[in-house]
Amino acid sequence: MTNIHDIARLSGYSVSTVSRVINHQKYVADDKRQKIEALIKELDYVPNRLARDLSKGRTKTIGIVLPYANHPYFARIVDGIVSAGFAKGYKVILLPTNYDMTVERHYLEQLKSKAYDALIFTSRSSSLEALERYQKYGRIVCCEDPGTSSQLAAAYTDRLASYVHALTWARQRGYQNVGVVISRDNLISASARVTRMAYQEIYGRLATANLFTGAVTFEDGYRAGSYFSKMTPSIDAILANGDDIGAGIQDYYQTHRLTPVTIIGQENLLSSRLMKFSTIDHHLEALGQAAFELAISRVRKHQLIKSEFIER
């Protein structure tokens with residue numbers, strides 16, 4: 001395979017002169033430029049972009065680490081990152097993990113080998129301490145509140161405040177037996193942790209029976225609807241972890257002609273507007289844009305994106 005040294009040898013000019021022609025830089029005489037360009041065309045030489053970028057100390061590539069590529073929550077964050085990145089000439093690469101720590105570690109090792117300028121963790125299974133250890137190899141941004149002691153840059157929403165607001169709204173309307181739907185329930189899940197905290201503040205301890213886990217899709221919401229519909233005493237409101245999941249719950253109740261249950265969804269998607277249930281808009285596109293700006297900056301700050309409760 002032809003390389004830049006071959007072009008230099010065959011043209012009779014130095015590697016630095018050939019490099020200036022390849023990178024369309026000035027200070028190369030026209031006759032030299034024409035001879036080098038003719039050789040490049042004749043030999044069908046394609047510059048090694050990765051090597052060229054690494055020589056400049058950057059790849060202009062951002063990796064987006066996300067558990068699922070088809071979940072509306074993460075899709076909206078990605079939309080924000082992509083729009084901000086495109087405007088500044090960056091490439092973004094989706095790096096799905098399915099919450100596998102081994103896969104996350106693989107992406108961190110790729111950051112170490114300079115495959116990316118930065119990684120944005122939209123969610124994670126690895127500890128924050130594990131992420132911090134890789135910061136010396138490139139920028140790492142997390143999309144959660146990492147706490148004041150963390151050295152990670154972060155863009156995050158005020159989930160706790162938004163959940164407290166939504167559950168307070170439900171209690172003020174007389175709903176006493178409230179179900180909760182989440183995607184996973186473990187100690188490292190920021191979403192599960194703040195959901196439990198909000199529920200504790202408004203309703204007291206979240207009973208195991210009132211919690212449905214493993215919901216990611218509309219179909220999962222339909223299963224959650226089936227689960228909650230059989231509870232005694234009956235559930236009168238449900239905080240779902242996404243509008244599409246909330247739509248699945250509501251569809252189950254409607255399909256089986258059951259007494260309607262009040263749904264509180266998340267992210268203000270088309271599904272909640274069409275089915276007319278309340279939702280929390282975490283403004284995830286703005287979150288993604290903020291995460292991208294942190295990924296390309298030298299500032300390690302924690303940036304809060306305000307949420308909005310939409311009553312329907």
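**Exercise 1. Find the residue with a positive phi just after α5, then describe the helix itself.**

Solution.
- Step 1. Glycine 89 follows just after α5 and takes a positive phi of about 75°. The model is predicted.
- Step 2. Check the helix length. α5 has 16 residues and spans 23 Å from its first C-alpha to its last. The expected value, at 1.5 Å a residue, is 22 Å, which is close.
- Step 3. List the buried positions. They are Tyr73, Phe74, Arg76, Ile77, Val78, Gly80, Ile81, Ala84 and Gly85.
- Step 4. Identify the cover. It includes β1, β2, β3, α8 (159-172), β10 (278-281) and α13 (284-296).

**Exercise 2. State the strand order of the six-stranded open sheet and say which strands stand at its edges.**

Solution.
- Step 1. Read the order: β2-β1-β3-β4-β5-β11, with parallel pairing.
- Step 2. Look at the ends. β2 (91-96) and β11 (302-305) each have a single partner strand, so one side of each lacks a neighbour in the sheet.
- Step 3. Take the twist. From one strand to the next, it averages 20°.
- Step 4. Place the helix. α5 (residues 72-87) packs on the sheet and touches β1 (61-66), β2 and β3. The direction of α5 makes about 170° with that of β1.

**Exercise 3. Trace the pairing from β3 through β4 and β5 to β11.**

Solution.
- Step 1. Strands β3 (residues 118-121) and β4 (residues 139-142) run parallel and are joined by four bridges. Leucine 119 has isoleucine 140 of β4 as its bridge partner.
- Step 2. Two bridges pair β4 with β5, again in the parallel sense. Here valine 141 stands opposite alanine 153 of β5.
- Step 3. Four bridges pair β5 with β11 in the parallel sense. Alanine 154 has histidine 302 of β11 as its bridge partner.

**Exercise 4. Are the faces of β5 covered or uncovered?**

Solution.
- Step 1. Count first. In β5 (residues 153-157), five of five residues are buried.
- Step 2. Recall the general pattern. Side chains in a regular strand alternate between the two faces of the sheet.
- Step 3. Sort by side. Ala153, Ala155 and Thr157 lie on one side, Ala154 and Tyr156 on the other.
- Step 4. Conclude. Both faces of β5 are covered.

**Exercise 5. Compare the setting of three salt bridges: Lys88 with Glu293, Arg124 with Glu144, and Arg223 with Asp220.**

Solution.
- Step 1. Start from the total. The whole structure holds eight salt bridges.
- Step 2. Lysine 88 and glutamate 293 meet at 3.1 Å, N to O. Lysine 88 is in the loop between α5 and β2 and glutamate 293 is in α13, so the pair ties together parts 205 residues apart in sequence. Lysine 88 is partly exposed at 40% relative accessibility. Glutamate 293 is partly exposed at 34%.
- Step 3. Arginine 124 and glutamate 144 have their closest N and O atoms 2.7 Å apart. Both residues are buried.
- Step 4. Arginine 223 and aspartate 220 come to 3.1 Å between their closest N and O atoms. They are three residues apart in α10 (residues 218-229), about one helical turn. Arginine 223 is partly exposed at 44%, whereas aspartate 220 is buried at 14%.

**Exercise 6. Which side chain of opposite charge is nearest to buried arginine 33?**

Solution.
- Step 1. Locate arginine 33: helix α3 (residues 30-42).
- Step 2. Find the nearest opposite charge. Glutamate 37 is 4.6 Å away.
- Step 3. Apply the cut-off. A salt bridge needs nitrogen and oxygen within 4 Å. Arginine 33 has no salt bridge.
- Step 4. List contacts beyond four places in sequence. They are Arg20, Val21, His24, Gln25, Lys26 and Val28.

Technical notes. Residues numbered from 1 in each chain as written. Predicted model: local features only at pLDDT ≥ 70, side-chain atom pairs only at ≥ 80, totals over all residues. Heavy atoms only, no water. Pairing = 2+ DSSP bridges. Axes fitted to C-alpha atoms, helices over the stretch in contact; angles between N-to-C directions. Contact = heavy atoms within 4.5 Å. Buried < 20%, exposed > 50% of the residue type's maximum accessible area, 1.4 Å probe, protein only. Lys, Arg positive; Asp, Glu negative; His and termini not counted. Expected span 1.5 Å × (residues − 1).
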